[in-house]
Amino acid sequence: MPIVSFKPISQANAVNTIEKCIADVLNWMLSNRLFINDSKTEFMIIDSRKQLAEISVDSVTVGDAMIKPGTSLRNLGAWFDRHMTMSVNIGKMSSKAFYSLYNLRQIGKCWTDEACKTLVHALVTYHLDYRNASLHDVSQY
């Protein structure tokens with residue numbers, strides 16, 4: 001997913017730049033025999049709260065679909081929000097881990113204490129390590 005950094009002169013310039021970027025991605029995908037589902041395409045504008053208050057992009061055109069900007073999006077299993085606080089990612093990661101721990105609790109009576117400890121450690125490490133590895137040093141970019 002390309003990241004475009006620009007300071008638009010006008011609102012129309014911002015929309016045109018986003019649509020051009022998406023068209024470039026679409027052309028690259030088609031040239032590599034890949035397809036994009038226009039209606040499932042998502043975009044998000046990331047900036048400071050002050051800058052986001054000044055920008056109001058209602059929608060962009062992707063192929064035949066009009067797409068509205070999202071407030072949080074998932075990429076490679078990690079959730080990003082407009083202010084890059086990662087609060088959405090932390091909430092979803094915690095929810096998924098607690099759900100998995102709840103399911104382990106249901107079958108915990110069938111396991112020894114040592115086996116349960118090993119499963120819990122493996123489960124928590126998996127959830128934390130996968131997402132943290134994908135976000136390692138993301139603040140430097």
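**Figure 1. Arg 33, an exposed residue in a loop.** Arg 33 is exposed, its relative accessible area being 76%. In this predicted model, Arg 33 belongs to the loop that runs between helix 1 and helix 2. Take a look at the backbone here: phi of Arg 33 is positive, at about 60 degrees, although Arg 33 is not a glycine. For background, a negative phi is what most residues other than glycine have.

**Figure 2. The whole chain, to place the close-ups.** How many helices and strands does the protein chain have? There are four helices and four strands, and along the sequence they follow the pattern α-α-β-β-β-β-α-α. Of the 141 residues in the protein chain, 22% count as buried. The accessible surface of the chain comes to about 10,600 Å², and carbon and sulfur atoms contribute 57% of that. Among contacts with a separation of 6 or more, 55% join residues 24 or more positions apart.

**Figure 3. Confidence along the chain.** Before zooming in further, it helps to check the pLDDT. The protein chain averages 76, and 82% of its residues score at least 70. Which helix has the highest confidence, and where is confidence lowest? Helix 1 is highest at 82, while helix 2 is lowest with a mean of 72. A friendly reminder: predicted coordinates should not be read in detail where pLDDT is low.

**Figure 4. Thr 41, a buried residue in the loop between helix 1 and helix 2.** This loop links helix 1 (11–31) to helix 2 (49–54), and Thr 41 is found in it. Is Thr 41 buried or exposed? With a relative accessible area of 15%, Thr 41 is buried, whereas Arg 33, placed in the loop between helix 1 and helix 2, is exposed at 76%. Setting aside neighbours within four places in sequence, Thr 41 is in contact with Ile 36, Val 62 and Ile 67. For one of these partners there is also a backbone distance to check: the C-alpha atoms of Thr 41 and Val 62 are 7.6 Å apart, with their positions 21 residues apart along the chain.

**Figure 5. Ile 18, a buried residue of helix 1.** Ile 18 lies in helix 1. Its relative accessible area is 13%, so Ile 18 counts as buried. Which residue can you pair with Ile 18 to see a separation of 42 residues along the chain? Try Val 60: the two C-alpha atoms are separated by 7.4 Å.

**Figure 6. Asp 81 and its contacts.** Asp 81 sits in strand 4, which covers residues 78–81. Relative accessibility is 6% here, so Asp 81 counts as buried. What does Asp 81 touch, once residues up to four places away in sequence are left out? The partners are Met 44, Ile 46, Thr 71, Ser 72, Met 86, Ser 87 and Val 88.

**Figure 7. Lys 92 over the face of Trp 79.** Lys 92 lies over the face of the Trp 79 ring, at 4.5 Å from the ring centre. Lys 92 belongs to helix 3, residues 87–107. With a relative accessible area of 41%, Lys 92 is partly exposed. For a backbone reference in this view, use Ala 78: Lys 92 and Ala 78 are 9.1 Å apart from C-alpha to C-alpha, and 14 residues apart in sequence. As for rings paired with rings, the count of aromatic pairs in the structure is zero.

**Figure 8. Two cysteines without a disulfide.** How many disulfides does the structure hold? The count is zero. Cys 110 is in no disulfide, and the nearest cysteine sulfur, that of Cys 116, lies 8.9 Å away. Cys 116 is likewise in no disulfide, with the sulfur of Cys 110 as the nearest, at 8.9 Å. A disulfide calls for cysteine sulfur atoms within 2.5 Å, and the 8.9 Å between these two does not meet that cut-off. What is the exposure of each cysteine? Cys 110 is exposed, with a relative accessible area of 69%, while Cys 116 is partly exposed at 22%.

Terms used. Residues are numbered from 1 along each chain as its sequence is written. This is a predicted model: local features need pLDDT of at least 70, side-chain atom pairs count only at pLDDT 80 or more; totals for chains, interfaces and linings use all residues. Side-chain values use heavy atoms; hydrogens and water are left out. Rings of Phe, Tyr and Trp (its six-membered ring) pair if their centres lie within 6.5 Å; planes under 30 degrees apart count as stacked, over 60 as edge-to-face and the rest as tilted. A charge sits over a ring if NZ of Lys or CZ of Arg is within 6 Å of the ring centre and within 35 degrees of the ring normal. Buried means under 20% relative accessible area, exposed over 50%, partly exposed in between (1.4 Å probe, protein chains only). Helices (H or I, at least four residues) and strands (E, at least two) are DSSP runs, numbered from the N terminus. Contact means heavy atoms within 4.5 Å. Accessible areas come from the Shrake-Rupley method with a 1.4 Å probe; for residues, only the protein chains shown count as cover. pLDDT is the predictor's confidence in each residue, from 0 to 100.
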